Amino acid sequence: MTQQGVKLLGLPQGKMRVALMLNGFGMNDYVVKMWNAAESRVCADGAYWKVKQDGRLLKPTHVVGDLDSLRDMKPDCVAVEVPDQGSTDFEKCLNFIARELAYSGDLVTGLALGGRPDHEQMNFRVALNSLQCRPMLFGEQSVIIPIPAGLSRVQRPDGFDCSVGLLPLLGPTKVTTKGLKWELDGNTLSYAGADAWTSSNELHPEATEVSIEADKPLLWTSSSSGLR
(Lines give C-alpha, C1' and ligand atoms only; values in the text may rest on other atoms or scores of the structure.)
Protein backbone atom coordinates (compact mmCIF):
# COMPACT_ATOMS: atom_id res chain seq x y z
CA MET A 1 0.00 0.00 0.00
CA THR A 2 1.28 3.47 -0.86
CA GLN A 3 -1.45 5.27 1.10
CA GLN A 4 -4.60 4.18 2.83
CA GLY A 5 -6.79 2.15 0.45
CA VAL A 6 -4.46 2.43 -2.57
CA LYS A 7 -2.73 -0.69 -3.92
CA LEU A 8 0.50 -0.21 -5.90
CA LEU A 9 0.86 -2.91 -8.54
CA GLY A 10 3.67 -3.69 -10.96
CA LEU A 11 5.69 -6.47 -12.49
CA PRO A 12 8.43 -7.90 -10.22
CA GLN A 13 12.07 -7.34 -11.05
CA GLY A 14 15.15 -9.06 -9.66
CA LYS A 15 15.19 -12.23 -7.63
CA MET A 16 11.91 -13.77 -6.48
CA ARG A 17 11.21 -16.39 -3.84
CA VAL A 18 8.82 -18.36 -6.05
CA ALA A 19 7.90 -18.68 -9.74
CA LEU A 20 5.28 -20.97 -11.30
CA MET A 21 4.79 -22.74 -14.65
CA LEU A 22 1.43 -24.08 -15.86
CA ASN A 23 0.66 -26.17 -18.95
CA GLY A 24 -0.08 -23.59 -21.65
CA PHE A 25 2.05 -22.44 -24.55
CA GLY A 26 4.63 -19.79 -25.32
CA MET A 27 7.17 -18.02 -23.15
CA ASN A 28 8.97 -14.69 -23.36
CA ASP A 29 12.41 -13.59 -22.14
CA TYR A 30 11.00 -11.94 -19.01
CA VAL A 31 9.45 -15.20 -17.76
CA VAL A 32 12.67 -17.10 -18.49
CA LYS A 33 14.65 -14.53 -16.47
CA MET A 34 12.26 -14.54 -13.51
CA TRP A 35 12.00 -18.35 -13.44
CA ASN A 36 15.76 -18.79 -13.41
CA ALA A 37 16.14 -16.16 -10.67
CA ALA A 38 13.55 -17.74 -8.34
CA GLU A 39 14.60 -19.67 -5.24
CA SER A 40 11.67 -22.10 -5.62
CA ARG A 41 10.55 -23.04 -9.14
CA VAL A 42 7.18 -24.79 -9.01
CA CYS A 43 5.54 -26.38 -12.03
CA ALA A 44 2.14 -27.98 -12.50
CA ASP A 45 2.09 -31.67 -13.29
CA GLY A 46 1.57 -31.23 -17.04
CA ALA A 47 4.31 -28.60 -17.37
CA TYR A 48 7.18 -30.70 -16.05
CA TRP A 49 8.39 -32.02 -19.40
CA LYS A 50 7.91 -28.67 -21.13
CA VAL A 51 10.20 -27.04 -18.59
CA LYS A 52 12.73 -29.89 -18.65
CA GLN A 53 12.97 -29.81 -22.45
CA ASP A 54 13.46 -26.04 -22.71
CA GLY A 55 17.20 -25.44 -22.65
CA ARG A 56 16.76 -21.86 -21.42
CA LEU A 57 15.20 -22.91 -18.10
CA LEU A 58 16.61 -24.21 -14.85
CA LYS A 59 14.97 -27.42 -13.69
CA PRO A 60 11.96 -27.20 -11.35
CA THR A 61 12.43 -27.55 -7.61
CA HIS A 62 8.87 -28.90 -7.18
CA VAL A 63 6.21 -30.50 -9.38
CA VAL A 64 2.64 -30.42 -8.03
CA GLY A 65 -0.56 -32.18 -9.16
CA ASP A 66 -2.05 -35.65 -9.49
CA LEU A 67 1.22 -36.65 -11.24
CA ASP A 68 -0.60 -38.65 -13.90
CA SER A 69 1.89 -37.52 -16.55
CA LEU A 70 4.81 -38.83 -14.46
CA ARG A 71 3.53 -42.31 -13.57
CA ASP A 72 6.29 -44.23 -15.32
CA MET A 73 9.32 -42.22 -14.23
CA LYS A 74 10.76 -40.39 -11.26
CA PRO A 75 11.18 -36.61 -11.62
CA ASP A 76 14.49 -35.08 -10.51
CA CYS A 77 12.82 -32.66 -8.10
CA VAL A 78 10.40 -32.78 -5.18
CA ALA A 79 7.14 -34.39 -6.39
CA VAL A 80 4.00 -33.36 -4.49
CA GLU A 81 1.04 -35.58 -5.28
CA VAL A 82 -2.39 -34.02 -4.74
CA PRO A 83 -5.04 -36.50 -5.95
CA ASP A 84 -8.00 -34.13 -5.42
CA GLN A 85 -9.99 -34.10 -8.68
CA GLY A 86 -12.13 -31.20 -7.48
CA SER A 87 -9.44 -28.60 -8.08
CA THR A 88 -7.22 -27.65 -11.01
CA ASP A 89 -3.45 -28.09 -11.03
CA PHE A 90 -3.21 -24.28 -10.86
CA GLU A 91 -5.22 -24.26 -7.62
CA LYS A 92 -3.15 -27.14 -6.24
CA CYS A 93 0.05 -25.22 -6.99
CA LEU A 94 -1.24 -22.04 -5.34
CA ASN A 95 -2.27 -23.97 -2.22
CA PHE A 96 1.15 -25.65 -2.05
CA ILE A 97 2.96 -22.33 -2.52
CA ALA A 98 0.91 -20.68 0.24
CA ARG A 99 0.95 -23.51 2.77
CA GLU A 100 4.26 -25.27 2.25
CA LEU A 101 6.43 -22.44 0.92
CA ALA A 102 4.66 -19.78 3.03
CA TYR A 103 4.61 -17.35 0.12
CA SER A 104 1.90 -14.76 -0.48
CA GLY A 105 3.38 -12.14 -2.83
CA ASP A 106 3.36 -11.45 -6.57
CA LEU A 107 3.74 -14.63 -8.60
CA VAL A 108 5.12 -14.70 -12.14
CA THR A 109 3.18 -17.56 -13.78
CA GLY A 110 4.46 -18.77 -17.14
CA LEU A 111 2.82 -21.07 -19.68
CA ALA A 112 -0.51 -19.73 -18.38
CA LEU A 113 -2.14 -18.84 -21.72
CA GLY A 114 -2.92 -20.71 -24.92
CA GLY A 115 -4.23 -24.23 -25.31
CA ARG A 116 -7.84 -25.13 -24.59
CA PRO A 117 -10.12 -22.10 -24.08
CA ASP A 118 -11.84 -23.70 -21.07
CA HIS A 119 -8.47 -24.24 -19.35
CA GLU A 120 -7.42 -20.66 -20.08
CA GLN A 121 -10.72 -19.27 -18.77
CA MET A 122 -10.32 -21.36 -15.62
CA ASN A 123 -6.86 -19.86 -15.12
CA PHE A 124 -8.45 -16.40 -15.31
CA ARG A 125 -11.03 -17.35 -12.66
CA VAL A 126 -8.42 -18.84 -10.35
CA ALA A 127 -6.17 -15.78 -10.66
CA LEU A 128 -9.05 -13.40 -9.92
CA ASN A 129 -10.14 -15.34 -6.85
CA SER A 130 -6.70 -16.13 -5.44
CA LEU A 131 -6.43 -15.15 -1.79
CA GLN A 132 -2.93 -16.48 -1.21
CA CYS A 133 -0.97 -14.44 -3.75
CA ARG A 134 -1.36 -12.41 -6.96
CA PRO A 135 -0.63 -14.61 -9.99
CA MET A 136 0.38 -12.70 -13.12
CA LEU A 137 -0.39 -14.87 -16.14
CA PHE A 138 2.06 -14.91 -19.04
CA GLY A 139 1.94 -16.36 -22.52
CA GLU A 140 4.41 -15.75 -25.32
CA GLN A 141 3.17 -12.23 -26.11
CA SER A 142 0.62 -11.33 -23.44
CA VAL A 143 0.36 -10.73 -19.71
CA ILE A 144 -2.80 -10.73 -17.59
CA ILE A 145 -2.73 -9.05 -14.17
CA PRO A 146 -5.55 -9.34 -11.59
CA ILE A 147 -6.71 -5.91 -10.42
CA PRO A 148 -8.42 -5.94 -6.99
CA ALA A 149 -11.55 -4.01 -6.15
CA GLY A 150 -10.90 -0.50 -4.88
CA LEU A 151 -8.26 1.95 -6.04
CA SER A 152 -5.06 0.57 -7.60
CA ARG A 153 -2.08 2.07 -9.38
CA VAL A 154 -0.39 -0.02 -12.06
CA GLN A 155 3.21 0.99 -12.72
CA ARG A 156 4.49 0.88 -16.28
CA PRO A 157 7.78 -1.07 -16.51
CA ASP A 158 10.31 -0.68 -19.30
CA GLY A 159 9.20 -2.56 -22.39
CA PHE A 160 5.52 -2.61 -21.39
CA ASP A 161 3.41 -2.38 -24.52
CA CYS A 162 0.97 0.53 -24.80
CA SER A 163 -2.04 -1.71 -25.49
CA VAL A 164 -4.47 -2.29 -22.61
CA GLY A 165 -7.65 -4.29 -22.11
CA LEU A 166 -9.80 -4.49 -18.97
CA LEU A 167 -11.87 -7.65 -18.60
CA PRO A 168 -14.84 -7.69 -16.15
CA LEU A 169 -15.15 -11.43 -15.61
CA LEU A 170 -17.02 -11.24 -12.30
CA GLY A 171 -20.07 -9.41 -13.64
CA PRO A 172 -20.87 -5.76 -14.43
CA THR A 173 -18.05 -3.64 -13.02
CA LYS A 174 -18.00 0.13 -12.54
CA VAL A 175 -14.54 1.47 -13.53
CA THR A 176 -12.79 4.85 -13.43
CA THR A 177 -9.26 5.26 -14.84
CA LYS A 178 -6.51 7.85 -15.14
CA GLY A 179 -3.55 7.30 -17.46
CA LEU A 180 -5.24 5.69 -20.47
CA LYS A 181 -5.69 7.21 -23.92
CA TRP A 182 -9.46 6.73 -23.65
CA GLU A 183 -10.35 7.18 -20.00
CA LEU A 184 -13.24 5.48 -18.22
CA ASP A 185 -15.31 7.70 -15.95
CA GLY A 186 -17.58 5.50 -13.92
CA ASN A 187 -18.38 3.32 -16.95
CA THR A 188 -19.95 -0.05 -16.26
CA LEU A 189 -18.05 -2.77 -18.11
CA SER A 190 -19.72 -6.13 -18.73
CA TYR A 191 -19.93 -8.93 -21.27
CA ALA A 192 -23.42 -7.68 -22.11
CA GLY A 193 -24.62 -4.11 -22.32
CA ALA A 194 -23.78 -0.87 -24.02
CA ASP A 195 -20.25 -0.45 -22.66
CA ALA A 196 -19.22 -4.13 -23.11
CA TRP A 197 -15.53 -4.11 -22.08
CA THR A 198 -12.47 -2.17 -23.15
CA SER A 199 -10.28 -4.38 -25.34
CA SER A 200 -8.36 -1.88 -27.52
CA ASN A 201 -7.36 0.91 -25.17
CA GLU A 202 -3.83 2.27 -24.81
CA LEU A 203 -1.60 3.78 -22.17
CA HIS A 204 -1.33 7.54 -22.46
CA PRO A 205 2.11 8.29 -24.01
CA GLU A 206 3.18 10.34 -20.98
CA ALA A 207 1.77 8.01 -18.31
CA THR A 208 4.21 6.22 -16.00
CA GLU A 209 1.33 4.57 -14.13
CA VAL A 210 -2.39 4.03 -14.50
CA SER A 211 -4.87 4.42 -11.67
CA ILE A 212 -7.88 2.11 -11.75
CA GLU A 213 -10.84 2.32 -9.38
CA ALA A 214 -13.28 -0.59 -9.68
CA ASP A 215 -16.12 -1.96 -7.58
CA LYS A 216 -15.18 -5.57 -8.41
CA PRO A 217 -11.89 -7.31 -9.23
CA LEU A 218 -11.10 -7.41 -12.94
CA LEU A 219 -8.25 -8.39 -15.26
CA TRP A 220 -5.73 -6.11 -16.95
CA THR A 221 -4.29 -7.45 -20.21
CA SER A 222 -1.46 -6.10 -22.30
CA SER A 223 1.24 -7.24 -24.70
CA SER A 224 4.39 -8.46 -22.95
CA SER A 225 6.55 -8.98 -26.03
CA GLY A 226 8.89 -6.08 -25.15
CA LEU A 227 9.57 -7.16 -21.57
CA ARG A 228 13.06 -8.36 -20.74
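**Entry 1: the cavity**

I searched this predicted model for enclosed space and found one cavity of 30 Å³ or more. I noted its volume as about 30 Å³. I then listed its lining, which comprises 10 residues, and recorded V154, R156, L203, E209 and V210 as the closest to the cavity centre. Next I asked which elements give two or more residues to this lining. I found two such elements, the strands β9 (150-155) and β14 (209-214). Sorted by class, the lining of the cavity holds six nonpolar, two polar and two charged residues.

**Entry 2: the largest pocket**

I turned to open space and looked up the largest pocket, for which I recorded a volume of about 400 Å³. I counted 21 lining residues, with L22, N23, D89, H119 and N123 the closest to the pocket centre. Two helices, α3 (89-99) and α4 (117-129), give two or more residues each to this lining. I also asked which element provides the largest share of the lining. The answer was α4, with four residues. By class, I entered seven nonpolar, eight polar and six charged residues for the lining of the largest pocket.

**Entry 3: the second largest pocket**

For the second largest pocket I noted about 210 Å³ of space. I found 14 residues in its lining, and S130, R134, P146, I147 and P148 lie nearest its centre. I traced the lining to its elements: β1 (6-9), α4, β7 (134-138) and β8 (142-147) each supply at least two residues. The helix α4 therefore entered my notes twice, since it gives two or more residues to the lining of the largest pocket and at least two to that of the second largest pocket, where the lining residues are those with an atom within 4 Å of a pocket point. The class count for the second largest pocket is 11 nonpolar, one polar and two charged residues.

**Entry 4: the nonpolar core**

I closed with the packing of nonpolar side chains. In soluble globular proteins, such side chains tend to be buried together. Here the largest nonpolar core has 67 residues. I listed L20, M21, V42, I97, L166 and W220 as the residues with the most contacts inside this core.

I selected V42 for a closer look and asked which residues it is in contact with, leaving aside its neighbours within four places in sequence. The list reads V18, A19, L20, M21, W35, T61, H62, V64, C93, F96, I97 and L101. I marked L20, M21 and I97 among these partners of V42, as they also appear among the residues with the most contacts inside the core.

Note on methods
Residues numbered from 1 in each chain as written. Predicted model: local features only at pLDDT ≥ 70, side-chain atom pairs only at ≥ 80, totals over all residues. Heavy atoms only, no water. Core = buried A, V, L, I, M, F, W, Y, C linked by side-chain atoms within 4.5 Å. Buried < 20%, exposed > 50% of the residue type's maximum accessible area, 1.4 Å probe, protein only. Contact = heavy atoms within 4.5 Å. 1 Å grid on protein atoms, 1.4 Å probe; cavity = no way out; pocket = protein on both sides within 12 Å on 5 of 7 lines; lining within 4 Å. Points joined across faces, edges and corners; volume = space filled by probe spheres on them. Nonpolar A, V, L, I, M, F, W, Y, C, P; charged D, E, K, R; others polar.
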